[in-house]
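Student: Hey, got a minute to look at something with me? I'd like to go over how its parts sit against each other.

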Amino acid sequence: MAHEVPALPYDYAALEAAIDEQTMRVHHDKHHQAYVDNLNAALAGTEWADTPIEELLQSLDSLPEDKRTPVRNNGGGHYNHTLFWQWMSPDGGGDPPAGPLKDAIEQSFGDVASLKAKLNDAGVKRFGSGWSWLVRGADGSLSVESTPNQDSPLMEGRTPILGIDVWEHAYYLRYQNRRPDYLGAWWDVVNWDAVQQRFGS
Ligand code: MN3
């Protein structure tokens, strides 16, 4: 089956605390849809048309050369945004619940505030378009990194457990050039339950 944009798990206006309704509509209905349409077009009629997205992104080198860049960009965009919608919630914000994720954050970064500062810093310093990530390595350790464009840590064999989109399309209508303000507000809608689920998976 061709790839599809998942429905938002909340209303377009539900994240107003951090992100306005119009941004959510354009971001989900236009940008994410375009990644999916372009991905499907690149793979139509090939043996990879039905390959799960995670598998595609972990084996870009095995694709024909003319498919690698379109799959990297549009498949990456599809995968990253599918997760991004889950990492936000109108009931989000605050601190992670007590448990293995919070313990691991405190062990790696000292406290939750330090983790947030590190992720925000990685997002602010990303030149141009990209993402700021909290990543779990194969040994279970946590680290913060940033990628350009729609690249995902998954392409390097690591698991993104939290990611913040710092493309201008994610924030420009409300925040214009003030990316740090967007990043500061973003934590009001973070869905720690979803992060914890990916940490444990
Ligand atoms: Mn985006």
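Student: How many residues of domain 1 are in contact with domain 2, and how many on the other side?

Tutor: This is a predicted model, and in it 19 residues of domain 1 touch 21 residues of domain 2.

Student: Where do those domains run, again?

Tutor: The domain assignment puts domain 1 at 21–86 and domain 2 at 100–200. Their C-alpha centres are 20 Å apart.

Student: OK, and how much area do domain 1 and domain 2 bury between them?

Tutor: About 1,700 Å², with 59% of that on carbon and sulfur atoms.

Student: What about charges: how many salt bridges does the rule find across the interface?

Tutor: The rule finds 1 salt bridge between domain 1 and domain 2. As for side chains, Asp151 and Arg72 pair up in a salt bridge, at 3.0 Å from N to O.

Student: And how many residue pairs are in polar contact across that interface?

Tutor: There are 9 such pairs between domain 1 and domain 2, counting those with both residues at pLDDT 80 or more.

Student: Switching to secondary structure: which helices each supply at least two residues of the domain 1 side?

Tutor: Helix 1 (21–43), helix 2 (53–58) and helix 3 (65–86).

Student: Which helix gives the most?

Tutor: Helix 3, with 10 residues on the side of domain 1 that touches domain 2.

Student: Last one: how do the residues on that side divide into nonpolar, polar and charged?

Tutor: On the side of domain 1 touching domain 2, you get 11 polar, 6 nonpolar and 2 charged residues.

Notes. Residues are numbered from 1 along each chain as its sequence is written. This is a predicted model: local features need pLDDT of at least 70, side-chain atom pairs count only at pLDDT 80 or more; totals for chains, interfaces and linings use all residues. Side-chain values use heavy atoms; hydrogens and water are left out. Domain bounds come from an automatic or database domain assignment. Contact means heavy atoms within 4.5 Å. Buried area is the accessible area (1.4 Å probe) that two parts lose on being put together, summed over both. A salt bridge is a side-chain nitrogen of Lys or Arg within 4 Å of a carboxyl oxygen of Asp or Glu. A polar contact is a pair of N or O atoms within 3.5 Å; within protein, one must be able to donate a hydrogen and the other to accept it, and residues adjacent in sequence count only if both atoms are side-chain atoms. Helices (H or I, at least four residues) and strands (E, at least two) are DSSP runs, numbered from the N terminus. Ala, Val, Leu, Ile, Met, Phe, Trp, Tyr, Cys and Pro count as nonpolar, Asp, Glu, Lys and Arg as charged, and the others, Gly among them, as polar.
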